[in-house]
Amino acid sequence: KLAAVPELLDKVQWLGKGPHENYPDRCTGARFGLHTAREEELFTPYLVPSENGHRCGTVWLALSAADGIGLSISSNQPFGWSAMRHDASSLASAAHPSDLKPEEHATICIDHKMMGVGGDISWGRAVRQEYLVPKGRHTWSVSLTPLLHTPRVPPDAVCDFEAEPALTSYAQ
């Protein structure tokens, strides 16, 4: 969890995979590009609430209020993120999406690596080996920059997707 921040979800822009939620093993249908969303478009209302709305393969993210003031996040490696008005404990205690009430602050999660969600075989939720995060020490850097105006993609935003395998076939 990066932070709980007020009023930064009026406009969310990212250079990465989208526009819908996607995960390391669920991103084939997501296209890399510049995406824009409003707060309510980031939430996926599953029948039983759980963490959701993750976007992966991102190299730049901007969260801003209506006036353009906000926060820009970039990294030297692709990262994943989610932003919503519900924290993990609220999601865990809700039986239905209608039980959730938006919180005053947004919860922003920035992930260097994330395990896949699995479930692509009918007899279990096993995550394929290539979508597990290997044990060991992982290092990366992330830059947080205040935004004082309408966000713009930095000219040096680049991406290397070799570190993030794409699911191209279900055949083994």
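Biologist: Why is F79 called buried?

Modeller: F79 has a relative accessible area of 1%, and buried means under 20%, exposed over 50% and partly exposed in between (1.4 Å probe, protein chains only), so F79 counts as buried. Keep in mind that this is a predicted model, where local features need pLDDT of at least 70, side-chain atom pairs count only at pLDDT 80 or more, and totals for chains, interfaces and linings use all residues. Residues are numbered from 1 along each chain as its sequence is written, and side-chain values use heavy atoms, leaving out hydrogens and water.

Biologist: What makes W140 partly exposed?

Modeller: Its relative accessible area is 27%, so W140 falls in between the two cut-offs.

Biologist: OK, and how many aromatic pairs are there?

Modeller: The search of the whole structure turns up two. Rings of Phe, Tyr and Trp (its six-membered ring) pair if their centres lie within 6.5 Å; planes under 30 degrees apart are stacked, over 60 edge-to-face, the rest tilted.

Biologist: Why is the pair of W14 and W81 called edge-to-face?

Modeller: The ring centres are 5.2 Å apart and the planes sit at 70°, so W14 and W81 pair edge-to-face. W14 is buried, at 0%, and W81 is buried at 0% too.

Biologist: What makes F79 and W140 a tilted pair?

Modeller: Their centres are 6.3 Å apart with 40° between the planes, so the pair fits the tilted class.

Biologist: How do you know that C56 and C27 aren't bonded?

Modeller: A disulfide needs cysteine sulfur atoms within 2.5 Å, and these two sulfurs are 4.5 Å apart, so that's too far. The count of disulfides is zero.
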